[in-house]
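Biologist: I like to know what stands behind each label put on a structure. Could we go through this one together?

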Amino acid sequence: MQLKALSYPNVEQACIWRNDSMSMNRTPYLLTQEQQEIFYRSIVCDRQANARYWGIWTDLKGFKLKYEHDPYEPVNYPIVEEQKEDKFIGMGEISNIQWENRLGEIGLIMNPGYAYMAEQAIELILEQVFDYLNLENVYGECYECSPYLSIWEETCGKYNARCCYLPNRKYWGGKYYNSLYFNINREEWKKCR
């Protein structure tokens, strides 16, 4: 798994995943293609913006049957070839960066079929944030109605993050949900790696 620059088609796909998982979003409305294009052009592509976004890619390995044609043989024989393909599976972010305080908010959108790789994706984002952007702290919020809650709880436990549950932070499906609010510190992250 690796982080790469985002292209506009990647951002469009991430928007689809985001819109399909409204229980996890702060904003209670679907994003339009126009809004997504503005986001891409004015934030993702702007190196002066107070946010950084990455595409999350995984290497998929598989096998394919290839048929060799031998003009002297009446039958074509299959040959098994190994294939390797990069697949876009998510978008990671650090937004609301306060450079003067070395602080930012972490976020993640994943293809639901690859949600099991979210913990590994979080590790890559934290590495970028602490080792390359030189931030001191990242914070985030995850609602109790999110399928990623247990992953964020494990990440917080792993890095001795300061956490608290805030009451009634998300109204979804006729019910209020609490949220896990957390802060991960660079020194704790380094100690526990």
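Biologist: Gladly starting with a detail: why is arginine 102 called partly exposed?

Modeller: This is a predicted model, and in it arginine 102 has a relative accessible area of 32%. Buried means under 20% and exposed means over 50%, so a value in between is called partly exposed. Arginine 102 is found in the loop between β3 and β4, and has a positive phi of about 55 degrees although it is not a glycine.

Biologist: What makes asparagine 134 partly exposed?

Modeller: The relative accessible area of asparagine 134 is 40%, so the label is partly exposed. Asparagine 134 is found in the loop between α3 and β5. Its phi is near 65 degrees, a positive value in a residue other than glycine.

Biologist: And how do you know that glycine 113 is partly exposed?

Modeller: Glycine 113 comes to 48%, and exposed would need over 50%, so partly exposed is the right term. Glycine 113 lies in the loop between β4 and α3. Isoleucine 89 is 24 residues apart from glycine 113 in sequence, with 8.4 Å between their C-alpha atoms.

Biologist: Let us step back. Which elements make up the protein, and how many residues count as buried?

Modeller: There are five helices and seven strands, in the order β-α-α-β-β-β-α-β-α-β-β-α from the N terminus on. Of the 193 residues, 42% count as buried.

Biologist: How do you know that the span of α1 is close to what is expected?

Modeller: Helix α1 covers residues 8–19, which is 12 residues, and reaches 16 Å from its first C-alpha to its last. The expected span is 1.5 Å times one less than the number of residues, and for α1 that is given as 16 Å, close to what the model shows. Among the buried residues of α1 are Tyr8, Val11, Cys15 and Trp17.

Biologist: What makes the pair of tryptophan 152 and phenylalanine 182 stacked?

Modeller: Ring centres must lie within 6.5 Å for a pair, and planes under 30 degrees apart count as stacked. Here the values are 4.9 Å centre to centre and 25 degrees between the planes, so the pair meets both limits. Tryptophan 152 lies in helix α4 and phenylalanine 182 in strand β7, so the pair ties together parts that are 30 residues apart in sequence. Both residues are buried. The structure holds nine aromatic pairs, and Trp17, Trp57 and Phe88 form one aromatic cluster.

Biologist: Why is lysine 4 said to sit over the ring of tryptophan 57?

Modeller: The charged end of lysine 4 is 4.9 Å from the ring centre of tryptophan 57, and the distance limit is 6 Å, so that part of the test is met. Arginine 41 lies over the face of tyrosine 8 as well, at 5.6 Å from the ring centre.

Biologist: Last topic: what lines the largest pocket, and which element gives the most?

Modeller: The largest pocket holds about 970 Å³ of space. Of its 36 lining residues, the closest to the centre are Arg18, Asn25, Arg26, Glu93 and Ile109. By class, the lining has 20 nonpolar, 11 polar and five charged residues. β4 gives the most, with five residues, while α1, α2, β3, β4 and β5 each supply at least two.

How values were computed. Residues numbered from 1 in each chain as written. Predicted model: local features only at pLDDT ≥ 70, side-chain atom pairs only at ≥ 80, totals over all residues. Heavy atoms only, no water. Helix = DSSP H or I, 4+ residues; strand = E, 2+ residues; numbered from the N terminus. Buried < 20%, exposed > 50% of the residue type's maximum accessible area, 1.4 Å probe, protein only. Phe/Tyr/Trp six-rings, centres within 6.5 Å; stacked < 30°, edge-to-face > 60°. Lys NZ or Arg CZ within 6 Å of the ring centre and 35° of its normal. 1 Å grid on protein atoms, 1.4 Å probe; cavity = no way out; pocket = protein on both sides within 12 Å on 5 of 7 lines; lining within 4 Å. Points joined across faces, edges and corners; volume = space filled by probe spheres on them. Nonpolar A, V, L, I, M, F, W, Y, C, P; charged D, E, K, R; others polar.
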